[in-house]
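Student: Please take one part of this model and go through it closely, strand by strand. Then follow it outward to whatever packs around it.

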Amino acid sequence: MAKFVFELNQSLDGYVDHQLLPGDPALFLHFTERMRGMAGLVYGRRMYEDMRYWDEDRPEWGAKEQAYATAWRAQPKWVVSRSLTSVGPNATLVKEEIEATMRALKARVDGEIGIAGPELAASLTELGLIDEYQPYIHPAVLGRGKPYFAAARPLLRLIASERIGENVIRLTYVPA
């Protein structure tokens, strides 16, 4: 049975705009290793559209970026969207019966499945499907953006913390 893990970079004040958060080479390497170890990924539409960046090689990429892209492309992806009509390679579009599809996915896949997108995570939280929440806390205050918890406010229990690189802390919570 799969474990659904909602993990995203987050500012100190709770926003997930990754373009405004400072980069860290150690964190990038961490995410590449995480990607290699995942059993798959479930995306909301906006997050999936952002991540499609990794579908095609770019001339400005170095070895680190190429390694991440290779790991990302290898992962099976499920994209939850009512507005998309198609998705890219190694991806399945989920337009209807979202709860049933996610429960079936969880039952048939072994390992961790990353959940990406605050609105999607809120929906899956309301259905009781998220097993772990892993915010990666960055030392930045954005004052605006999309909140990590888009709607649902689950009761959580801290089970682990880990420093990654110079300034990022990954917290791991489970539903209380």
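**The sheet and its surroundings**

Tutor: Strands E7 and E8 are joined by eight bridges and run antiparallel. This is a predicted model, and what follows should be read as a description of that prediction. Within the pair, Ser-161 has Leu-171 of E8 opposite it. Three residues separate the two strands in their hairpin, where Gly-165 has a positive phi near 70 degrees.

E8 also pairs with E6. Strand E6 covers residues 132–137 and strand E8 residues 168–175, and three bridges hold them in an antiparallel arrangement. One position in this pairing is Tyr-133, whose bridge partner in E8 is Tyr-173.

These strands belong to an open sheet of eight strands, ordered E4-E3-E2-E5-E1-E6-E8-E7 and mixed in its pairing. Its edges are E4 (91–94) and E7 (156–164), each of which pairs on one side only. On average, and with direction ignored, neighbouring strands of the sheet are turned by 25 degrees against each other. As background, strands of a sheet pair through backbone hydrogen bonds, and the sense may be parallel or antiparallel.

Both senses are represented here. Whereas E7 and E8 are antiparallel, E1 and E5 run parallel and share five bridges. In that pairing Phe-4 stands opposite Ile-113 of E5. On the E2 side, E5 is again in a parallel pairing, with four bridges to E2. There, Leu-41 has Gly-114 of E5 as its bridge partner. E5 is mostly covered, since five of its six residues are buried.

A closer view of E1 can be had from Leu-8, which lies in that strand. Is Leu-8 buried or exposed? Its relative accessible area is 11%, so Leu-8 is buried, the cut-off for that class being under 20%. Leaving aside residues up to four places away in sequence, Leu-8 touches Val-16, Met-47, Gly-117, Pro-118, Gln-134, Pro-135, Tyr-136 and Tyr-148. One of these contacts, Pro-118, is among the buried residues of H5. By contrast, Ser-86 is 78 residues from Leu-8 in sequence, and the two C-alpha atoms lie 25 Å apart.

Next come the helices that meet the sheet. Helix H5 (residues 118–126) lies across E1, E2, E3, E5 and E6, and its direction is at about 120 degrees to E5. Its buried residues are Pro-118, Leu-120, Ala-121, Ala-122, Leu-124 and Thr-125. They pack against E1, E2, E3, E5 and E6, and against helix H4 as well. Just after H5, Gly-128 has a positive phi of about 75 degrees.

Back at the E6 and E8 pairing, the two strands run antiparallel over three bridges. Helix H4 (residues 98–108) also packs on the sheet, with contacts to E1 (2–10), E2 (40–44), E3 (77–80), E4 and E5 (111–116), and its direction makes about 110 degrees with that of E1.

Two loop residues around E4 deserve a note for their backbone. Asn-90 sits in the loop between E3 and E4. Phi of Asn-90 is positive, near 60 degrees, although the residue is not glycine. With a relative accessibility of 40%, Asn-90 counts as partly exposed. Glu-97 is placed in the loop between E4 and H4. Glu-97 likewise is a residue other than glycine with a positive phi, here near 50 degrees. Glu-97 is exposed, because its relative accessible area is 64% and the exposed class begins over 50%.

Finally, there is a contact between two helices, H1 and H3. The axes of H1 (residues 25–37) and H3 (residues 63–74) come within 8 Å and cross at roughly 25 degrees. That angle makes H1 roughly parallel to H3, because angles under 35 degrees are counted that way. The crossing of the two helices is left-handed. From H1, the residues involved are Phe-28, Phe-31, Thr-32, Met-35 and Arg-36; from H3, they are Lys-64, Glu-65, Ala-67, Tyr-68, Ala-71 and Trp-72. Sorted by type, the residues of this contact are seven nonpolar, one polar and three charged.

Technical notes: Residues numbered from 1 in each chain as written. Predicted model: local features only at pLDDT ≥ 70, side-chain atom pairs only at ≥ 80, totals over all residues. Heavy atoms only, no water. Pairing = 2+ DSSP bridges. Axes fitted to C-alpha atoms, helices over the stretch in contact; angles between N-to-C directions. Contact = heavy atoms within 4.5 Å. Parallel < 35°, antiparallel > 145°, perpendicular 65-115°, else oblique. Left-handed = near helix turned anticlockwise from the far one by under 90°. Nonpolar A, V, L, I, M, F, W, Y, C, P; charged D, E, K, R; others polar. Buried < 20%, exposed > 50% of the residue type's maximum accessible area, 1.4 Å probe, protein only.
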